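Q: Please take a close look at one part of this structure, one of its sheets, and then set that part in the context of the rest of the chain. I am new to this structure.

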Amino acid sequence: MSNATTVERAAAPAFGPACLDATPAAARAFVRASAAHPAAPVVSSPSVSPPSARPAQRRFLVHIDIDAFFAAVEVLLNPSLKGKPVIVGGLPHERGVASTCSYEARKYGVHSGMNLRNAYKLCPQGIFVRGSYQVYQAFSDKFFSILHEYTPDVEDASLDEAYLDLTRCRHLYPSFSGTARRIKERVERETGLKVSVGVGPNKILAKLATKRAKPAGFFEVEPGREEEFLRDLGIESLPGIGPKSQVILRMLNIQKIGDLWGLPRTTLHSIFGLGGDDIYLQSRGIDSRPVVTSAIPKSVSRETTFLEDLWDRRLLLAHLAYLCDRLTLALRQGHCYAHIIEVKARYSDFKTEGRRRLLITPRQEMGDVYKIAEELFLELYSGSRLSLRLVGVKASDLVRARPLSLFEPYSDRQERLGAAVDQVREKYGFGSVLTMREKMLEAIYQFEKKRGFVLKTASLTR
Ligand code: DCP
Ligand code: MG
């Protein structure tokens, strides 16, 4: 096996699968078709963003990864570290490994997972910090909250790395790569951290594009240029090729991805088993894995404290309507329908009360949710002789798809209405579509067309 002559090789390097005629054009057509068809081979996944791709439609995947994440946060918090070799994970004499290090420290050969003592030997002038996971988590949360504003199809691959599938949102984004660039700029502006962004028709190509873009760059694998992009990348770039596989392949004089195209699938399978099939497909840029969105949340809620305790029933309902609007936007973004709607009120004496309703047919639409919330609120509030400090609405027992009701004629009118409102808001800002009831809040709050009303509880005005 270690002898190259014993390995069955195709006569000419074939970029496309051997079953095709192996011309680059045919191979590319196969790559595109495989990318578009969720039924194509490679790894299957559990919960998945719904594939909307029409046959032969190119998917649009963005991969984004923060540069030297933990180290970059340390530099941001302590600008005197800028431009210095920063190593995160512990002090030089401590046991343990480096979580990561700045690019300046990488020049000395330090890398993630390296024993701290070895890191110190390589880079004694390095600045060693223990780091704080909670702080990194907060930056990560911010990072993902920005990404989720662009599409619900976001996969959190790790704390600082995500895949976004913009294919379903194509109507919102006439220029995909322009949008990807804007996402990069916005993340950098709002987090203060540099990111690298890769764009391609599937996950593997987008991820490899990010590697190429690092640090702080942007790279797009343009249609028809997949082969050219992959050919000269080292085999170690493929996630399916670990250190042991690298040793075996190098013994076969295979150094670059293009060299792999000469090996038939059966040969790779016989050497690496199922992993060999993955190598075969990945090396050709074939990857039908969907973007796996996060698990369905347990509940979504929106609440706010008032600037001053409130008594006026119409104003209270205006707040409730606005919160329902925000809540149902979140439900639509998460593709969730709620079986339980709950309303909460806190009185001026801090006593808090709630009312909930179980819905046989789960709901997502603003009109439906508000109607239920209003009834529940009035049940709560009607008898009260106290003013209110806070009101909130919560949706729970969430499901992904609305089950069809036996007793109601099926109609997706409300969903289409919701989608249309979202499109207008995407373009002109959340405040561009508001009900008359919500508009009453203009008397109290600052209004921003992009964000809507700036309520007292800032996190609710996202
Ligand atoms: N991490 C860790 N231990 C590792 C690898 C990573 O604790 N063995 C942490 C620290 C990293 C963060 O995860 O900052 C993100 O990992 P990345 O692989 O994305 O590495 P970096 O962001 O540090 O560098 P870059 O992405 O620029 O290569
Ligand atoms: Mg990173």
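**The four-stranded sheet and its surroundings**

A: Four strands make up an open sheet in the order E9-E12-E10-E11, and their pairing is antiparallel. The edges are taken by strand E9 (299-310) and strand E11 (352-363); each has a single partner strand, so one side of each is left without a neighbour in the sheet. On average, neighbouring strands of this sheet are turned by 10 degrees against each other, direction ignored. The model is a predicted one.

Edge strand E11 is joined to strand E10 (residues 337-347) by eight bridges, and the two run antiparallel. One position in that pairing is Ile 341, whose bridge partner in E11 is Arg 357. Helix H14 (residues 366-381) lies across E10, E11 and strand E12 (388-399), and runs at about 35 degrees to E10.

A single residue gives a closer view of this edge. Gly 354 lies in strand E11. Leaving out residues up to four places away in sequence, Gly 354 touches Glu 342, Val 343 and Lys 344. Is Gly 354 buried or exposed? Gly 354 has 13 C-beta neighbours inside 10 Å, so Gly 354 counts as partly exposed. A residue counts as exposed with 12 or fewer such neighbours and as buried with 20 or more. Gly 354 can also be placed relative to Phe 377: the two are 23 residues apart in sequence, and their C-alpha atoms are 8.5 Å apart in space.

The other sheet described here is an open sheet of five strands in the order E5-E6-E1-E7-E8, with mixed pairing. Its edges are strand E5 (154-158) and strand E8 (218-220); each has a single partner strand, so one side of each lacks a neighbour in the sheet. Neighbouring strands in this five-stranded sheet are turned by 15 degrees against each other on average, direction ignored.

The five-stranded sheet can be followed from the E5 edge. E5 and E6 form a hairpin with two residues between them. Four bridges join these two strands, which run antiparallel, and Val 154 stands opposite Leu 164 in E6. E6 is also joined to E1, by five bridges and again in the antiparallel sense. Within that pairing, Asp 65 stands opposite Glu 161 in E6. Four of the five residues of E6 are buried, so E6 is largely enclosed by the rest of the structure.

At the other edge, strand E7 (residues 195-200) pairs with E8 in the parallel sense over three bridges. Val 199 has Glu 220 in E8 as its bridge partner. Helix H6 (residues 176-191) packs on the sheet and touches E1, E7 and E8, with its direction making about 165 degrees with that of E7. Helix H7 (residues 203-213) also packs on the sheet, touching E1, strand E6 (161-165), E7 and E8. The direction of H7 makes about 140 degrees with that of E7.

Next come the nonpolar cores. In soluble globular proteins, nonpolar side chains tend to be buried together. The largest nonpolar core here has 52 residues, of which Val 62, Ile 87 and Cys 101 touch the most other members. Ile 87 has contacts that include Ala 98, Cys 101, Ala 105, Val 110 and Phe 128, not counting residues up to four places away in sequence. A second, separate core has 32 residues, among them Cys 324, Leu 331, Leu 398 and Leu 455.

There is also a ligand to locate. Around ligand 1 there are 15 residues, and Phe 69, Phe 70, Ser 99, Thr 100 and Ser 112 come nearest. Strand E1 (61-66) and helix H2 (69-77) are the elements that give two or more residues to this shell. By class, the shell holds six nonpolar, four polar and five charged residues.

Finally, some figures for the chain as a whole. The protein chain has 462 residues, and buried residues make up 37% of them. Its secondary structure comes to 16 helices and 14 strands. Among contacts between residues at least 6 apart in sequence, 62% join residues at least 24 apart.

Technical notes
Residues are numbered from 1 along each chain as its sequence is written. Chains are lettered from A and ligands numbered from 1 in the order in which they are written. This is a predicted model: local features need pLDDT of at least 70, side-chain atom pairs count only at pLDDT 80 or more; totals for chains, interfaces and linings use all residues. A residue is near a molecule or strand if its C-beta atom, placed from the backbone, lies within 6 Å of it. Ala, Val, Leu, Ile, Met, Phe, Trp, Tyr, Cys and Pro count as nonpolar, Asp, Glu, Lys and Arg as charged, and the others, Gly among them, as polar. Two strands pair if DSSP finds at least two bridges between them. Axes are lines fitted to C-alpha atoms, for helices over the stretch in contact, and angles run from 0 to 180 degrees between N-to-C directions. Two residues are in contact if their C-beta atoms, placed from the backbone, lie within 7 Å. A nonpolar core is a set of buried Ala, Val, Leu, Ile, Met, Phe, Trp, Tyr and Cys residues joined through C-beta atoms within 7 Å.
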